[in-house]
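Hi everyone, thanks for coming. Please pull up the sequence and the 3D view, and we'll walk through a few spots together.

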Amino acid sequence: MKDVTLVLEDGTQFKGKSFGYDAPVAGEVVFNTAMMGYPESLTDPSYAGQLMTLTYPLVGNYGVPQFSFEKNGLPTFMESDRIYASAIIVSDYSEQYSHWNANESLADWLKREKVPGITGIDTRQLTKVLREHGVMMGKILMDDEPDNIPEADYEGVNFVDRVSCKDIIRYNEGAGRKVVLVDCGVKANIIRCLINRGVEVIRVPWNYDYTGMEFDGLFLANGPGDPDMCGDAVDIIRKQMSVSRKPICGICMGNQLLAKAGGASIYKLKYGHRSHNQPVREVGTNRCYVTSQNHGYAVDASTLGKEWRELFVNMNDGSNEGIRHQTNPWFSSQFHPEACSGPVDTEFMFDRFVEAL
Ligand SMILES: NC(=O)CC[C@H](N)C(=O)O
């Protein structure tokens, strides 16, 4: 294991060891406080451009499942076709692994996909630094290659364009009601949740103009980076809302794009929400849900258009967790009702959408 140094934008340094692919890398350093789910998180396209820190100390002990694909092209156990996070930062990588579904070690997978992974980092201390300062850019440097300094940007980069599909992909063809799914970097479980409810899914690129297509409902997926980079998608949603009352549902980036189409603005959270236990209350009720989340930006609820209302709020910091239109069946969540990984308490969001079709 080679010696590495993690250097944050403010100069803070952490010494560690490389257990994945041996290469320097730069990106936005974020932290996730979930206790498991590294295969799903690493393959979640919303982590593109980010160095993912896990606060739970023991990582790797249940290995990695097989990277196989279903007949419809969706991965059986992962959330996309490859690792999208730029690196993983852990405290105590476990070389030993054991799980009924394990196929290889996390280290072997990272090496095969050429993704750095570092261990021996006090990830809880690192998280305290990020909570105090806010998320920062950072670099993982190989100590034996002092002149090999990687460069990367995060803000101002259109990551959605990099990860979205380039052509239309259809699932469950002929199933009946048709849902257009705007792929900003969609997690496979969103597609699985729709397919399981018996609808046909037409997955389109993030900037595709679907308004002339024949369909019954619109679904806006999750995706990486700054939603303000996705002006084309917002214009098309606005166009769709001006011609039809068809149901619209969004998740995470989808919540942000729907809010923008409704006139709201977005801001960057100090250190984001990335975990399996974000408490969310449904507005107008005392009902709370435990939710899975992965986002760095949020909707400024005070800027919502007059026809829009908050649907969910975060019980930790009061930030927006979803919106709804007052009269049309248009609603979205900032959290991930498809979970994967995380609690499945809010899967009813898919039921509400499919019932509205
Ligand atoms: N998972 C997502 O869709 C994330 C949305 C957006 N990239 C954010 O960080 O807020």
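Let's start with a term: a salt bridge is a side-chain nitrogen of Lys or Arg within 4 Å of a carboxyl oxygen of Asp or Glu. The idea behind it is that side chains of opposite charge can pair when their charged atoms come close. And before I go on, please keep in mind that this is a predicted model.

So, which residue does Asp235 meet in a salt bridge? The partner is Arg238, with 3.9 Å from N to O. With a cut-off of 4 Å, that pair still counts as a salt bridge. Both residues sit in helix 6, 3 residues apart, and that is about one turn of the helix. Asp235 is partly exposed, at 46% relative accessible area, and Arg238 is partly exposed too, at 38%. Elsewhere, Glu28, Glu155 and Lys268 are joined into one network by salt bridges that share partners.

How many salt bridges does a search of the whole structure find? The count is 18. I'll pick out two more.

Take Arg170 and Glu200, whose closest N and O atoms are 3.5 Å apart. Arg170 is in strand 12, residues 169-171, while Glu200 belongs to strand 14, residues 200-205, so this salt bridge ties together parts that are 30 residues apart in sequence. Are the two partners buried or exposed? Arg170 is partly exposed, with a relative accessible area of 38%, whereas Glu200 is buried at 4%.

Then there's Asp228 with Lys260, a salt bridge whose closest N and O atoms are 2.5 Å apart. Asp228 is in the loop between strand 15 (217-220) and helix 6 (231-243), and Lys260 is in helix 7 (residues 253-261), so here the pair ties together parts that are 32 residues apart in sequence. Asp228 counts as partly exposed, at 39% relative accessibility. Lys260 is buried, with a relative accessible area of 17%.

That brings us to how helix 6 and helix 7 sit against each other. They pack at an angle of about 60°, and their axes are 9 Å apart. The crossing of helix 6 past helix 7 is right-handed. Which residues of helix 6 take part in this contact? They are Ala233, Val234, Ile237, Arg238 and Met241, and on the helix 7 side they meet Leu257, Leu258, Lys260 and Ala261. Sorted by type, the contact residues are 7 nonpolar, no polar and 2 charged. You've met Arg238 before, in the salt bridge with Asp235, and Lys260 in the one with Asp228.

Next up, cysteines. A disulfide is a covalent bond between the sulfur atoms of two cysteines. How many does the search of the whole structure find? It finds 0 disulfides. Take Cys165: the nearest cysteine sulfur belongs to Cys184 and is 9.8 Å away. Cys165 is also buried, at 11% relative accessibility. For Cys340, the nearest cysteine sulfur is that of Cys193, 7.9 Å away, and Cys340 is in no disulfide either. Since a disulfide needs the two sulfur atoms within 2.5 Å, neither of those distances qualifies. Cys340 is partly exposed, with a relative accessible area of 22%.

Stay with Cys340 for a moment, as we turn to the backbone. Most residues other than glycine have a negative phi, and most peptide bonds are trans. Now, the peptide bond from Cys340 to Ser341 is cis, with omega near 5°. Ser341 is in the loop between strand 21 (330-333) and helix 8 (348-356). Ala339 is in the loop between strand 21 and helix 8 as well, and it has a positive phi near 50° without being a glycine. Ala339 is buried, at 1% relative accessibility.

Where is the other positive phi I want to show you, the one at Lys114? Look in the loop between helix 2 (106-112) and strand 10 (117-119). Phi of Lys114 is about 60°, and Lys114 is not a glycine. Unlike the buried Ala339, Lys114 is exposed, with a relative accessible area of 54%.

Last stop: Gly284, in the loop between strand 17 (266-282) and strand 18 (288-299). Gly284 is exposed, at 76% relative accessible area. How far apart are the C-alpha atoms of Gly284 and Gly296? They are separated by 26 Å, with the two residues 12 apart along the chain.

That's my tour, so over to you.

Key. Residues are numbered from 1 along each chain as its sequence is written. This is a predicted model: local features need pLDDT of at least 70, side-chain atom pairs count only at pLDDT 80 or more; totals for chains, interfaces and linings use all residues. Side-chain values use heavy atoms; hydrogens and water are left out. Helices (H or I, at least four residues) and strands (E, at least two) are DSSP runs, numbered from the N terminus. Buried means under 20% relative accessible area, exposed over 50%, partly exposed in between (1.4 Å probe, protein chains only). Axes are lines fitted to C-alpha atoms, for helices over the stretch in contact, and angles run from 0 to 180 degrees between N-to-C directions. A crossing is left-handed if the near helix is turned anticlockwise from the far one by less than a right angle, and right-handed if clockwise. Contact means heavy atoms within 4.5 Å. Ala, Val, Leu, Ile, Met, Phe, Trp, Tyr, Cys and Pro count as nonpolar, Asp, Glu, Lys and Arg as charged, and the others, Gly among them, as polar.
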